[in-house]
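Hi everyone, thanks for making room for me today. Let me put the structure up on the screen, and then we can walk through it together.

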Amino acid sequence: MKSDLPKILHSMGGRSLVGHALDAATSLDPDHLVAVVRHQRERVVDHVLEHNPQLVIADQDDIPGTGRAVEQGLEAIGAVDGTVVVTYGDVPLLTPETLSALVAEHQDAKNAVTVLSANVPDATGYGRIVRDDNGLVTQIVEHKDALKLAEDTGDSTIADITEINSGIYAFDGAVLARTLAQVSTDNVQGEKYLTDVLGLARAEGGRVATYVTEDLMEVEGVNDRTQLAALGAELNRRLAQRWMRAGVTIVDPTTTWIDVDVELAQDVTIKPNTQLHGTTKIATGATIGPDTTLVDVVVGEAATVRRTEGTEAVIGQGANVGPFTYLRPGTVLGDTGKIGAFYETKNVNIGRGAKLSHLGYAGDADIGENSNIGCGNITANYDGVNKHRTEIGAEVRTGSNTVFTAPVAIGDGAYTAAGAVIRQDVPAGALAMNAVKQRTIEEWVLERRPDSAAAKAARIANEKS
């Protein structure tokens with residue numbers, strides 16, 4: 001990945017790669033769920049335990065290979081009487097349904113080993129599935145070993161096989177433990193191959209077979225950022241398709257990004273260039289976008305949110321937000337309320353029907369029902385040391401460019417005049433203003449800026465009058 005971050009901690013669809021893998025494995029409701037770790041152990045362990053505190057952690061030693069990893073995973077839980085499923089932390093599209101089908105096939109057929117396999121156009125890099133005349137698996141030959149065999153013998157039969165090993169298996173637990181102890185590192189890469197278990201199990205008389213998935217993307221792993229982007233796009237395509245089939249209108253799925261934990265109700269409309277992240281929840285009839293990014297935002301029924309960036313905010317039923325609006329954490333907009341163009345809000349409760357229409361900032365404030373906050377209003381909530389709240393009552397009307405110097409309270413039904421700087425509480429029904437008589441200095445431009453374009457325009461105007 002060329003990254004300081006461990007590969008499996010890179011995210012896709014709002015969840016780490018290993019998070020996707022853990023969720024798929026957890027869906028089997030296993031008696032034990034073991035994570036075998038090595039690279040950047042502490043970071044990985046902290047992450048996976050946060051994701052699933054019930055995990056058993058096993059550390060792989062200096063002996064390389066998946067066989068050794070599984071061996072040490074088994075050592076962490078002791079003898080296993082039943083099925084052992086082995087999967088990987090970098091296969092994010094593997095579904096619970098496919099894992100369940102793999103286990104069902106394994107148990108129904110009473111296999112010693114069942115391999116999740118797939119047929120691919122190009123098997124480069126994958127282990128090849130070798131079968132006997134009855135269709136059962138005789139061995140899995142790793143890519144480098146298949147090429148070496150072709151080079152040494154001149155026979156490319158195995159190298160030309162297109163059925164590949166996904167690396168995901170269901171094992172009989174007793175067979176797995178017994179045969180792993182016999183696996184050596186005598187191969188091209190000097191690793192303890194888990195695949196060698198198949199030949200040993202077969203030599204014991206065990207049945208080794210496959211469960212073939214038709215969905216090649218489920219067994220694709222991530223090894224670099226190109227693959228991360230490709231699988232991320234595929235995950236997003238699948239999520240968008242699922243939501244559209246559930247009754248959501250997505251105008252342009254190619255420019256819409258939806259995380260796995262997002263919830264969308266029927267008859268939601270998502271317009272182009274919209275990103276929905278985290279645990280965002282959109283209620284029925286709401287319209288989101290275009291050009292909108294929401295992170296952990298709750299949107300009520302029939303609300304409209306356009307050209308907006310919001311994080312950890314709540315938008316009420318029938319409310320209207322945007323365009324060019326910035327909702328910071330703690331913003332709560334009541335039903336039928338409005339936050340309009342070029343507005344920023346933070347830690348503010350806005351009552352039902354209240355309107356903050358344009359060009360302002362509301363932070364650390366409570367605004368009552370049906371109040372109308374004029375253009376250019378701001379709450380001056382920071383005194384250089386501490387934050388303070390502004391309390392604005394219901395049915396308040398504020399003039400353009402009003403500044404509320406917190407802490408300050410405005411009573412129900414009060415008004416403020418344009419340009420007012422409110423430093424003291426305003427009683428209910430009162431008008432607050434900072435009126436100063438206008439002073440006009442005639443011919444100031446002609447005297448102070450005689451050579452300016454403004455002065456020229458003034459002279460022409462004066463001559464006409």
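I'll go through a few single residues, then a pocket, a cavity and some annotated positions. Please keep in mind that this is a predicted model.

Let's begin with Leu22, which sits in helix α1. Is Leu22 buried or exposed? Its relative accessibility is 8%, and buried means under 20%, so Leu22 counts as buried. Which residues does Leu22 touch, once we set aside residues up to four places away in sequence? Those are Leu33, Val48, His51 and Leu55. For a sense of scale, take Leu22 and Asp366, which are 344 residues apart along the chain. Their C-alpha atoms are separated by 42 Å.

Next, please find Glu71 in helix α3, residues 66-77. Glu71 has a relative accessible area of 14%, and because that is under 20%, Glu71 is buried too. If we ignore neighbours within four places in sequence, Glu71 is in contact with Leu180, Ala181 and Lys192.

Now for the open spaces. The second largest pocket has a volume of about 400 Å³. It has 17 lining residues, and the closest to the pocket's centre are Pro92, Leu93, Thr95, Pro96 and Leu235. Three helices give two or more residues to this lining: α1 (17-26), α4 (96-108) and α8 (225-245). You have already met α1, as the helix where Leu22 is found. Which element gives the most to the lining of the second largest pocket? That is α8, with four residues. By class, this pocket lining has eight nonpolar, two polar and seven charged residues.

From the pocket, let's move to the closed kind of space. How many cavities of 30 Å³ or more does the structure hold? There is one, and the largest cavity has a volume of about 40 Å³. Among the residues lining that cavity are Tyr343, Leu356, Tyr361, Ile378 and Phe404. The elements giving two or more residues to the cavity lining are β27 (355-367) and β29. The most comes from β27, with four residues. In this lining, nine residues are nonpolar, two are polar and none is charged. Put that next to the pocket, whose lining includes seven charged residues.

Last stop: the annotated positions. An unreviewed UniProt entry lists Asn381, Tyr382, Ser400 and Ala418 under "binding site". I'll look at two of them.

Tyr382 is in the loop between β29 (378-380) and β30 (390-392). You just heard of β29 as one of the elements lining the cavity. How does Tyr382 come out on accessibility, and why? Its value is 48%, which falls between 20% and 50%, so Tyr382 counts as partly exposed. The Tyr382 side chain reaches the backbone oxygen of Gly384 at 3.0 Å.

Ala418 is also in a loop, this one between β34 (415-416) and β35 (421-422). Its relative accessible area is 63%, and since exposed means over 50%, Ala418 is exposed. Leaving out neighbours within four places in sequence, Ala418 is in contact with Gly399 and Ser400. Ser400 is itself one of the positions in that UniProt list, so it is worth finding the two on your screen.

That's my tour, and thank you for listening!

Note on methods
Residues numbered from 1 in each chain as written. Predicted model: local features only at pLDDT ≥ 70, side-chain atom pairs only at ≥ 80, totals over all residues. Heavy atoms only, no water. UniProt positions renumbered as here; feature names shortened; annotations may be inferred. Buried < 20%, exposed > 50% of the residue type's maximum accessible area, 1.4 Å probe, protein only. Polar contact = N/O pair within 3.5 Å; in protein donor to acceptor, adjacent residues only side chain to side chain. Contact = heavy atoms within 4.5 Å. 1 Å grid on protein atoms, 1.4 Å probe; cavity = no way out; pocket = protein on both sides within 12 Å on 5 of 7 lines; lining within 4 Å. Points joined across faces, edges and corners; volume = space filled by probe spheres on them. Nonpolar A, V, L, I, M, F, W, Y, C, P; charged D, E, K, R; others polar.
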